[in-house]
Amino acid sequence: MTTSSPPGPGLAFIITAQETGIDAARGGMRTYATMLENRPDFFIHSGDTIYADCTIQPRRQMPNGEVWRNIVTEEKERVAETLADYRGNYKYNLLDANMRAFNAQVPIFAQWDDHEVRDDWGPGEVTTHPRSDLLLLAARGCRAFHEFMPMREAPAEPGRIYRKIPYGPLLDVFMLDMRSYRGPNGNAAPGPYGPASHLLGPKQLAWLKRELKASRATWKVIAADLPIGIISEDAIALGDGPPERREHEIADLLSFIKRAGVTNTVWLTADMHYTAAHHYDPSRAVFRDFQPFWEFVSGPLHAGTWAPGELDNTFGPKAMFQKGCSAEQGENLAPCFGLQFFGRVDIDGQTEVMTVTLKDADNTDLWSVDIEPQPDARPGQLVAHHI
């Protein structure tokens, strides 16, 4: 997401595409220029910073009969396998003048998802790739990610992506990693929680609880690379009903936030190629041991667009707004069809109200909400008012 002054979080989402690369005649990755117009304090990138597992062809025929003409490079003519291939994917994006201008002026808080390695990857997956071991690909993808998305190194765990970024008295940002510690996809490990149903993993989950409880910032933004309530074999929600599989960790975290009296948590995420505002409420949920909260989904910045997905009732999400491609339009539309999205978050320095606005590549305000901060509910804490 992007932020603007006074401080708040920012824009977070997807940057390049599958079949869709850079068409300079159509303005390239023009959403970056639109985001720069918003003068963000920083940019939260929710992952899929590249599509290492997808090739880019010189031409793409579109449903309306027009032709999308891509800039092509040698590294994008094949699926990434070598370290040079992965580096080449990041270099390809930097051919776009809009991205270079944005990167030159805006700090980027980046996390990864799956396409930095390959579609829906995780250490628990069994690869069918004929030439490379999945964990070797992940190591190469991780190295290239850190080379092009610089972040402070964690001495205890080199290459670690999850981290807390404090941004003054109004905001702490918690960047998660929902790839590196997960179990296998799909319907594995039904029932009780165990290693096969890990998502964050015990160590990261314990870190997040500890840091949320210790945070004294008004707003605690949890930047996740996957949404909570949209049904997807690769994400968290796998269908209606009580928590099972990867939902166990989310249920445990939400219960902890309630018991610990942690207030003002907001989730920002992407992965799904459309934009939406979800409000989670225990009164609508199968699992009810949590406080209501918001989750904002937005993307892509420059990729094919999907239709809105189905919501899982486990945690009671309700779509307050959503926009993607329609059934009549079909899916995987090129960026020139106008369905590229980002989010803007502002925090008022005096009232501490958070305003979230979902926007498109033309800088149109599609939907907005003001969220009032709740007082600190932790025992023995004084309510801080920042002037």
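Biologist: Which residue stands opposite A223 in strand 8?

Modeller: In this predicted model, the residue opposite A223 of strand 8 is M175.

Biologist: What makes strand 7 and strand 8 count as paired?

Modeller: Two strands pair if at least two bridges are found between them, and strand 7 (residues 171-175) shares 5 bridges with strand 8, in the parallel sense, so the requirement is met.

Biologist: How do you know that strand 8 also pairs with strand 9?

Modeller: Strand 8 and strand 9 (residues 265-269) run parallel and are joined by 4 bridges, and because at least two are required, they count as a pair; within strand 9, T265 is the bridge partner of K220. The chain passes from strand 8 through helix 6 (residues 247-259) to strand 9.

Biologist: Why is this β-α-β crossover called right-handed?

Modeller: The name applies because, with the strands pointing away from the viewer, the path from the first strand over the helix to the second runs clockwise, and the crossover from strand 8 through helix 6 to strand 9 is assigned to that hand.

Biologist: What makes strand 8 (residues 219-223) mostly covered?

Modeller: Buried means under 20% relative accessible area, and 5 of the 5 residues in strand 8 are buried.

Biologist: How do you know that both faces of strand 8 are covered?

Modeller: In a regular strand the side chains alternate between the two faces of the sheet. W219, V221 and A223 lie on one side of strand 8, K220 and I222 on the other, and all of these are buried. For the protein as a whole, 58% of the 387 residues count as buried.

Definitions and conventions: Residues are numbered from 1 along each chain as its sequence is written. This is a predicted model: local features need pLDDT of at least 70, side-chain atom pairs count only at pLDDT 80 or more; totals for chains, interfaces and linings use all residues. Side-chain values use heavy atoms; hydrogens and water are left out. Buried means under 20% relative accessible area, exposed over 50%, partly exposed in between (1.4 Å probe, protein chains only). Helices (H or I, at least four residues) and strands (E, at least two) are DSSP runs, numbered from the N terminus.
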